[in-house]
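Student: Got a minute to go through this one with me? I'd like to start with the cysteines and then look at a couple of other spots.

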Amino acid sequence: QVHLMESGGGSVQAGGSLRLSCAASGSLYSRNRDLFCMGWFRQRPGKEREGVAALYTGGGVSKVADPVKGRFTVSQDSTKITLFLHMNSLNPEDTAMYYCAASFCGSGRATLQIDDYNNWGQGTQVTVSA
């Protein structure tokens with residue numbers, strides 16, 4: 001059992017920054033914190049959901065999608081309970097609903113593929129104005 005809850009979304013002007021958080025809980029996650037693939041996805045208006053950033057909770061592996069590379073970074077806290085998405089130099093194209101995702105993967109990889117995840121949060125809205 002895995003529960004994910006995102007927070008930190010909001011409205012910001014272009015060039016600004018936001019930090020999204022995703023709190024993970026549930027019996028399966030609590031017992032296996034080092035063995036999860038975790039990711040951030042977004043769905044922009046009128047577009048399909050896309051991967052933004054991902055990491056492996058066991059450490060050593062992370063990935064950031066090309067459209068946000070150099071502006072977004074992904075990290076987790078030392079307890080591995082909270083996943084973060086640090087977003088800098090935001091522009092209106094980053095306006096989207098952002099989702100946290102998790103999957104018990106048991107191997108060290110970071111994946112941006114939607115089909116690799118079977119647990120999703122409800123999402124948090126990010127709006128960037130020009």
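**Cysteines first, then two other residues**

Tutor: Sure, and keep in mind that this is a predicted model.

Student: OK. How many disulfides does the count come to?

Tutor: The count comes to 2 disulfides. Cys 22 and Cys 100 form a disulfide with their sulfur atoms 2.1 Å apart, and Cys 37 is joined to Cys 105, also by a disulfide, with an S to S distance of 2.1 Å.

Student: Where do Cys 22 and Cys 100 sit?

Tutor: Cys 22 is in strand 3 (residues 18–25) and Cys 100 is in strand 9. They are 78 residues apart, so the pair links distant parts of the chain.

Student: Is that S-S bond left-handed or right-handed?

Tutor: The torsion about the S-S bond of Cys 22 and Cys 100 is about -75°, so that disulfide is left-handed.

Student: And what about the link of Cys 37 and Cys 105?

Tutor: That link is right-handed, with 100° about the S-S bond. Here too the pair links distant parts of the chain, 68 residues apart: Cys 37 is in strand 4 (residues 36–43), and Cys 105 is in the loop between strand 9 and strand 10 (119–120).

Student: Is Cys 105 buried or exposed?

Tutor: Buried. Its relative accessible area is 18%, and the cut-off for buried is under 20%. Cys 37 is buried at 0%. In the other disulfide, Cys 22 is buried at 0% relative accessibility, and Cys 100 has a relative accessible area of 0% and is buried.

Student: What's the pairing in sequence order?

Tutor: Number the bonded cysteines of the chain in sequence order and the pairing is 1-3, 2-4.

Student: Switching topic: which strand has Ser 103?

Tutor: Ser 103 is in strand 9 (residues 96–104). Ser 103 counts as buried because its relative accessibility is 8%.

Student: What lies 3.1 Å from a polar atom of its side chain?

Tutor: The backbone oxygen of Asp 116. Leaving aside neighbours within four places in sequence, Ser 103 is in contact with several residues, including Leu 35, Phe 36, Tyr 117 and Asn 118. Cys 37, from the right-handed link, is among those contacts of Ser 103 as well.

Student: Last one: where's Val 12?

Tutor: Val 12 lies in strand 2 (residues 10–13), and at 15% relative accessibility Val 12 counts as buried.

Student: How far apart are the C-alpha atoms of Val 12 and Val 128?

Tutor: They're separated by 5.0 Å, with the two positions 116 residues apart along the chain. Beyond neighbours within four places in sequence, Val 12 is in contact with Ser 17, Leu 18, Leu 90, Thr 127, Val 128 and Ser 129.

Definitions and conventions:
Residues numbered from 1 in each chain as written. Predicted model: local features only at pLDDT ≥ 70, side-chain atom pairs only at ≥ 80, totals over all residues. Heavy atoms only, no water. Helix = DSSP H or I, 4+ residues; strand = E, 2+ residues; numbered from the N terminus. Buried < 20%, exposed > 50% of the residue type's maximum accessible area, 1.4 Å probe, protein only. Contact = heavy atoms within 4.5 Å. Polar contact = N/O pair within 3.5 Å; in protein donor to acceptor, adjacent residues only side chain to side chain. Disulfide = S-S within 2.5 Å.
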